[in-house]
Amino acid sequence: QVQLVESGGGLVQAGGFLNLSCAASRSIFSINYMGWYRQGPGKQRELVATISSGGSTNYAESVKGRFTISRDNAKNTVYLQMNSLKPEDTAVYYCNAALRPSGSYYYTEYWGQGTQVTVSS
């Protein structure tokens, strides 16, 4: 069973930065898209950023120019660099990926367990 393992969350002051990473826990044949979502207190889960297998990126308007998504296909890992953080960025951040495990013929969507990001004012 594939797991997406996230790391890098924490507490930071407004204006600071954090780097999140998410790695697949077992051998992967191929990965389609990878991305990050977040869910703030009392809010619905929302898209933050995605990156396709070809490297095309998509960002929520609220994070454009501040966040950068990237991936390392050799390591089956996706990263989210978050700069100029604001208190409204406070949320649990979830990794999301559509991937095909080794030995499987199908792509399946997976979610990470979530990592807390707290931005103090």
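User: In this predicted model, which residue of β8 does F67 stand opposite?

Analyst: The model is predicted, and the pairing at this position joins F67 to a residue of β8. The two strands concerned, β7 and β8 (residues 77-82), pair in the antiparallel sense over 6 bridges. The residue opposite F67 is M82.

User: Which strands stand at the edges of the open sheet that contains β7?

Analyst: The open sheet has 4 strands in the order β1-β3-β8-β7, with antiparallel pairing. From one strand to the next, the twist averages 15°. An edge strand has a single partner, so one side of it is left without a neighbour in the sheet. The strands in that position are β1 (4-7) and β7 (67-72).

User: How do strands of a sheet pair, and what is the sense of the pairing between β4 and β9?

Analyst: Strands of a sheet pair through backbone hydrogen bonds, in either a parallel or an antiparallel arrangement. Here, 9 bridges join β4 (residues 28-39) to β9. One of the residue pairs is M34 with A97 of β9. The sense of the pairing between β4 and β9 is antiparallel.

User: How many residues lie between β9 and β10 in their hairpin?

Analyst: β9 and β10 (residues 108-111) run antiparallel and are joined by 4 bridges. Across this pairing, A98 stands opposite E109. In the turn, G103 has a positive phi of about 90°. The number of residues between the two strands of the hairpin is 6.

User: Which residue of β11 stands opposite Y93?

Analyst: β9 also pairs with β11 (residues 115-120), and 3 bridges join these antiparallel strands. Within β11, the residue opposite Y93 is T115.

User: Is β9 mostly covered or mostly uncovered, and how many of its residues are buried?

Analyst: β9 spans residues 91-101 and is mostly covered. A residue counts as buried when its relative accessible area is under 20%. Of the 11 residues in β9, the number that are buried is 10.

User: Which strand gives the most to the largest nonpolar core?

Analyst: This core has 31 residues, and W36, L80, M82 and Y93 touch the most other members. Several strands each supply at least two of its residues, including β3 (18-24), β5 (46-51) and β7. The strand that gives the most, with 5 residues, is β9.

User: Which residues, beyond four places in sequence, is L80 in contact with?

Analyst: L80 is one of the residues that touch the most other members of the largest nonpolar core. Leaving aside neighbours within four places in sequence, L80 is in contact with L18, N19, L20, W36, V48, A49, F67, T68, I69 and Y93.

Key. Residues are numbered from 1 along each chain as its sequence is written. This is a predicted model: local features need pLDDT of at least 70, side-chain atom pairs count only at pLDDT 80 or more; totals for chains, interfaces and linings use all residues. Side-chain values use heavy atoms; hydrogens and water are left out. Buried means under 20% relative accessible area, exposed over 50%, partly exposed in between (1.4 Å probe, protein chains only). Two strands pair if DSSP finds at least two bridges between them. Axes are lines fitted to C-alpha atoms, for helices over the stretch in contact, and angles run from 0 to 180 degrees between N-to-C directions. A nonpolar core is a set of buried Ala, Val, Leu, Ile, Met, Phe, Trp, Tyr and Cys residues joined through side-chain atoms within 4.5 Å. Contact means heavy atoms within 4.5 Å.
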